[in-house]
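Student: Please take one part of this model and look at it closely with me, going slowly enough that I can follow each step on the screen. I would also like to know what surrounds the bound molecule.

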Amino acid sequence: MRTIIPFQDQWMFTKEDVCTPVTLPHTWNAVDGADGGNDYYRGTCVYTKQFEMPDVQLGSLVYLEFLGVNSSAKVYVNDLLCGSHDGGYSTFRVEITDVLEEHNTVRVEVNNEISDRVYPQRADFTFYGGIYRDVNLLIVPSCHFSMDRDGSPGILAISKMKGKSAQIFLRAVVDDLYDKIVYRITEDDSGTVIAEAEGERAVVKLEKPHLWNGVSDPFLYRVTASVYQDGAVMDEVSLCIGCRSFVFDPKKGFLLNGKSYPLHGVSRHQDREGFGNALTKEMHREDLELIREMGANAVRLAHYQHDPYVYDLCDRMGLIVWAEIPYISEHMTKGNLNAEQQMCELIHQNEHHACIACWALSNEITASGYSEELYREHVYLNELAHALDPSRPTAIANAFMLPADSPLHEVADVIGYNLYFGWYLGTADQNGEFLDAFHAAHPDKPLALTEYGADAFLKWQTADPKRGDYTEQYQAEFHRAILKILAERPYLWGGFVWNMFDFAADARNEGGMPGRNGKGLVTFDRKIRKDAFYLYKAYWSEEPFVHICGRRYIDRPEEITTVTVYTNRPSVTLLVNGKRFSEQIGRYIFTFLVPLEGEVVLNAVSGTCTDEIRIRKVETANPDYILPGQEIVNWLDREVLPQPEGYCSIYDTVGTICGSSDGIAFMESLMQEGNGTNIQVPFDETMQEMMKNETLASIVIRRNDINKEEALKVLNRRLNRIAK
Ligand code: GCU
């Protein structure tokens with residue numbers, strides 16, 4: 001039988017000749033990858049470990065198995081190169097049998113350097129370098145389930161519903177001669193044997209199986225494959241499957257086991273404050289428990305393959321998964337092989353998971369422009385995914401600049417759009433209009449809102465939320481609008497909040513928090529659930545609770561303050577300083593207007609659910625609540641810059657400015673000068689159309705990587721020379 005030896009301890013890590021002892025998982029960018037400046041160390045570092053010859057039977061093989069090394073690795077044992085791997089998010093194995101000695105040294109050279117052939121290279125998250133997932137030493141007998149099939153378990157088990165019965169397709173790849181392969185299907189929880197089959201390939205029919213039914217009943221079966229040689233079991237592999245049917249209907253949305261099941265989704269990156277991507281199993285579990293606590297029933301594991309343990313947990317928690325490869329933001333001519341390899345690994349390593357609903361080919365790949373080559377690569381990846389797993393649809397997540405008539409819409413089976421109206425530009429309602437327009441243009445294409453969100457950093461608080469103010473209040477308002485948009489569009493198969501957690505993007509410098517994307521509903525350290533978290537919990541969770549918003553907006557200058565309570569209970573009683581103030585009957589969001597004087601204790605009660613916050617009346621607004629630079633908004637209101645008759649100015653909309661070729665040229669050069677992220681977006685007609693209602697001033701005010709006042713003056717002078 002195979003032996004799996006955890007291989008996390010006693011590694012030496014060397015970076016720039018400095019050598020330190022480490023325990024895996026490990027990354028060298030936990031700090032510099034999350035502090036802004038876009039200057040985290042992207043280079044080559046070395047991990048070494050001494051180990052004794054393991055107890056190996058004659059004919060057995062020894063492998064090193066890496067579950068995640070970012071982003072390229074070369075593995076040497078006793079100074080001999082035994083294997084290498086490109087791609088930071090999937091399992092790979094290196095066979096080391098023939099190079100083993102009594103005393104051994106493994107050396108892994110890892111690099112996260114810039115490359116023109118390994119994805120990702122351009123995206124809004126940090127590409128942490130390191131051996132950031134578990135490593136195992138595997139010893140297998142000569143007769144074993146293959147270790148060399150794109151890092152897969154060596155067996156395949158996929159279920160497909162046919163009416164009320166399920167067909168389980170089983171296949172195994174065995175290295176070496178063998179007598180027989182036996183599959184045993186058991187109920188995972190009880191161990192009860194349900195069926196048995198034999199052969200390299202087999203199909204088992206289960207009449208009326210216990211279905212895997214999402215969060216309400218994520219029932220799993222376990223498939224155990226055993227290979228026999230000379231009458232003895234030589235190797236055994238087991239994995240869990242679920243019997244369920246998923247339908248992406250362009251008109252009715254998502255159906256689970258034949259019933260409407262709109263996906264209440266969130267997206268998740270695999271990092272955490274202080275740890276980077278070197279997370280423990282416990283951290284993965286905490287993340288998914290927070291997602292379940294909020295009431296979500298689906299998760300987009302962005303923008304790459306996540307730890308195998310995460311898919312196992314999603315199977316067990318009943319969370320439906322959107323799975324994707326990091327083919328993102330910009331197509332690289334030399335990157336095709338790597339994108340295809342990552343797709344093979346994603347599918348072969350995870351095709352058995354009940355939770356996975358689709359394989360996504362790419363994310364916002366046209367953000368840096370469209371090309372025939374890009375289109376052809378999508379066609380190829382689409383065919384590849386269908387060939388590897390005909391049981392699941394392919395998907396694509398588009399950037400909002402991609403026009404509705406793009407040929408790319410004909411490639412993948414289901415479509416998602418990432419929309420940020422109401423944050424990067426425009427108003428939240430425009431997201432609904434955009435989706436309706438696309439749905440009208442493509443009535444037969446299943447459509448979802450695969451990203452939407454607004455940044456909020458808890459320091460910034462206000463009674464008057466505005467787009468771009470990074471306040472907790474605006475984020476909650478924004479999500480309130482989107483929840484309405486999603487509820488009104490049953491044709492959507494789902495919506496995915498960007499993002500469940502704040503995450504690191506070292507190139508960012510926004511909202512006074514360098515290196516951070518603040519669109520999370522929970523903070524980067526997982527310590528604080530922002531108010532918007534409770535909004536979703538009110539809509540999506542059945543666990544009774546009440547939550548008073550604004551606990552971090554303590555100092556309030558207003559005479560009468562708005563107190564908002566989120567709950568999934570039918571009524572709320574508000575107490576002010578212990579006295580009953582008012583009771584309301586309603587749904588999800590309750591708003592009270594409370595006269596403010598001195599220190600105030602607010603209690604919200606509903607049945608046994610309670611919450612309490614403390615606020616106080618202050619004479620003047622607390623300046624600590626306002627994001628520096630936001631005063632530019634007021635400066636601009638006060639300081640009116642020149643607006644010569646017949647000429648453009650910063651107060652004009654992009655639509656007006658683009659009324660002339662000079663105006664268009666001005667906008668093109670402005671977009672080329674950058675937008676505060678490391679993704680250059682071409683200013684084409686689609687972009688022009690999207691931004692037409694934006695005033696130039698509002699675009700500049702959003703930039704945090706420039707001196708706004710200076711920029712507004714300079715740009716206004718240039719615009720004053722462009723005739724309307
Ligand atoms: C994009 C992208 C994300 C990014 C997000 C954002 O849509 O897909 O990776 O983080 O926008 O700007 O917050």
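Tutor: Two strands (DSSP runs of E with at least two residues, numbered from the N terminus) pair if DSSP finds at least two bridges between them. The model is a predicted one, in which local features need pLDDT of at least 70 and side-chain atom pairs count only at pLDDT 80 or more, while totals for chains, interfaces and linings use all residues. Residues are numbered from 1 along each chain as its sequence is written, and side-chain values use heavy atoms, with hydrogens and water left out.

Begin with strand 17, residues 180-187, which is joined to strand 18 by five bridges in the antiparallel sense. Within this pair, T186 has V193 of strand 18 standing opposite. The two strands belong to an open sheet of four, ordered 18-17-22-23 and paired antiparallel. Strand 18 (193-198) and strand 23 (232-241) are the edges of this sheet, and each has a single partner strand, so one side of each is left without a neighbour in the sheet. On average, neighbouring strands here are turned by 20° against each other, direction ignored, where the axes are lines fitted to C-alpha atoms and angles run from 0 to 180 degrees between N-to-C directions.

Now set this beside another open sheet, which has six strands in the order 3-2-4-10-7-8, again with antiparallel pairing. Its edges are strand 3 (18-22) and strand 8 (80-86); each of them has a single partner strand, so one side of each lacks a neighbour in the sheet. For this sheet the average turn between neighbouring strands, direction ignored, is 20°. Inside the sheet, strand 4 (residues 44-52) runs antiparallel to strand 10 (residues 103-111), and nine bridges join them. If you want one pair to look for on the screen, V46 stands opposite E109 in strand 10.

Turning to the bound molecule, 13 residues are around the ligand (a heavy atom within 4 Å of it), and those that come nearest are D124, E364, Y424, E451 and K519. Several polar contacts, pairs of N or O atoms within 3.5 Å, can be followed there. D124 places a polar side-chain atom 2.5 Å from an oxygen atom of the ligand. For K519, an N or O atom of the side chain is 2.7 Å from a ligand oxygen atom, and for W498 a polar side-chain atom lies 3.0 Å from an oxygen atom of the ligand.

Methods:
A polar contact is a pair of N or O atoms within 3.5 Å; within protein, one must be able to donate a hydrogen and the other to accept it, and residues adjacent in sequence count only if both atoms are side-chain atoms.
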